[in-house]
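Here is a quick tour of a protein chain with a ligand, going through its sheets, its domains and the ligand shell. Have the viewer open while you read.

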Amino acid sequence: MNSKGAPHLKIDPFRLERWLLEKAEIDLGGGGVAKLQLKEVIPQMPTDTAMMYGRTCGSEALRAQVAEWYRVEPENVLITSGTSEANLIINLVLLEQGDEYFTEVPQYEQTTGLARMLGAKVKPFHLVEDKGWAPDLKELKEKVNRHTKLIFLNNPNNPTGAIMTQEEMQALCEIAEHVGAYVHCDNALRGSETDGKPAATPEFYERGVITGSISKLGATSPRIGWIVAEKEIIERCWVMKDYTTLSHCGIGEMIAERLLTNRARYIKRNQTIKQANVDTWNAWCEENPDLVTCAEPKGGFTVFPRYKNRLGSSKFSERLLKEEGVMVSPGDQFGVERHLRINIGMKGETLAQGLDRIGRFMRRTLK
Ligand SMILES: Cc1ncc(COP(=O)(O)O)c(C=O)c1O
């Protein structure tokens, strides 16, 4: 707050989302799965649907669907415009200037950008590559204190595809409870788990907050997401939502209801698409052990290899795009250098073609 009374909010560009707008012949830059067509969800969309605001907290049917998936009550759910708005609302509601905010690293940059904008002191705790990107809970425990307001994580993790286990989630919440901090789990990748079972979330913890969406079930354009939390937190978030978007997309809500009712089918689709690409990826890694090391992802639609090359990840990605027409996302946009995020969520031959070109580029620049 400056002396004139108005907060002066400064926000850094969201580097990843701007980078992904670059044009590429082969696009392996994103983090999602091949998108569904509308007819695969609603074969005949009723055209006599009135285009009106719905209930601003979400329709009863949709809240009930999300509640069932998380085994909570519908009153524990607020529908939002994607995980993006859900994350914004959580930060607006829970954070104050000067609060200490812990985020796992690597992770998707949105929430830390927002926390910095709101004047929080953003601090890292790390996922350890040699341990399959497991969280360093010892580091977190040593760092948190009574000023810590919120601990943030992605589960499944974007970009590594690692999954925090139930035991780790429990231990992390105990650390948070000790200092009275909230735990915010961005669960946008729910439904992308390789074994088809939902990754751990902190709904059992009083100050646990979960955000997610239908985007990673293959539907990004309907812009439907949610917050799952204690009723008191949901009430506060709803008050905020009246000021952010008021209402989410009504047509999106119809699509989301249908998607979630039949979610087993779309989770199976995710698994099938991913498995073919994991096989392609594993075969490429076996053929090129001198180029990369990588843990196999347990969730998500990306791999996050460490590469053996002197180029920094941004320079690497820029040159790869220019010289080979292939888009990948640089590790430094997730807080970790010498890594690349490569999408394995597309259908068909695209991954194999992209990997051929990446291999060619890596050999050319390997020194
Ligand atoms: C971890 C994570 N959070 C949030 C988002 C934003 O997703 P949504 O489409 O639900 O707003 C993404 C998108 O890739 C993501 O990977």
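## The three-stranded sheet

Before we start on the sheets: two strands count as paired if DSSP finds at least two bridges between them. In this predicted model, an open sheet of three strands runs in the order β11-β15-β14, and its pairing is antiparallel. Its edges are β11 (302-303) and β14 (329-330), each of which pairs on one side only.

Take a look at the β14 end. β14 and strand β15 (residues 340-343) run antiparallel and are joined by two bridges. If you want a residue pair to click on, S329 has R341 in β15 as its bridge partner.

## The eight-stranded sheet

The other sheet to look at is also open, with eight strands in the order β2-β9-β8-β7-β6-β3-β4-β5 and mixed pairing. At the edges sit β2 (77-80) and β5 (134-135), and each of them pairs on one side only.

Within this sheet, five bridges link strand β6 (residues 148-154) to strand β7 (residues 182-186), and the two pair in the parallel sense. One residue to pick out here is N154, whose bridge partner in β7 is D186. Helix α8 (residues 231-244) packs on the sheet, where it touches β2, β8 (208-213) and β9 (225-228). The direction of α8 makes about 25° with that of β2.

## Two domains and where they touch

How does the domain assignment split the protein chain? Domain 1 comes in two pieces, 15-34 and 264-362, while domain 2 is 47-263. Between the C-alpha centres of domain 1 and domain 2 there are 25 Å.

As for contacts, 28 residues of domain 1 meet 30 residues of domain 2. On the domain 1 side, α1 (15-19), α10 (263-287) and β11 each put in at least two residues. The largest share, eight residues, comes from α10. By residue class, the side of domain 1 that touches domain 2 has 13 nonpolar, nine polar and six charged residues.

## Around the ligand

Now for the part you may want for docking-style browsing. Which residues come nearest to the ligand? Out of 14 around the ligand, they are G82, T83, S84, S213 and S215. Helix α4 (residues 82-94) gives the largest share of the shell, namely three residues.

What is the shell made of, by class? Eleven of its residues are polar, two are nonpolar and one is charged.

Terms used
Residues are numbered from 1 along each chain as its sequence is written. This is a predicted model: local features need pLDDT of at least 70, side-chain atom pairs count only at pLDDT 80 or more; totals for chains, interfaces and linings use all residues. A residue is near a molecule or strand if its C-beta atom, placed from the backbone, lies within 6 Å of it. Helices (H or I, at least four residues) and strands (E, at least two) are DSSP runs, numbered from the N terminus. Ala, Val, Leu, Ile, Met, Phe, Trp, Tyr, Cys and Pro count as nonpolar, Asp, Glu, Lys and Arg as charged, and the others, Gly among them, as polar. Two residues are in contact if their C-beta atoms, placed from the backbone, lie within 7 Å. Axes are lines fitted to C-alpha atoms, for helices over the stretch in contact, and angles run from 0 to 180 degrees between N-to-C directions. Domain bounds come from an automatic or database domain assignment.
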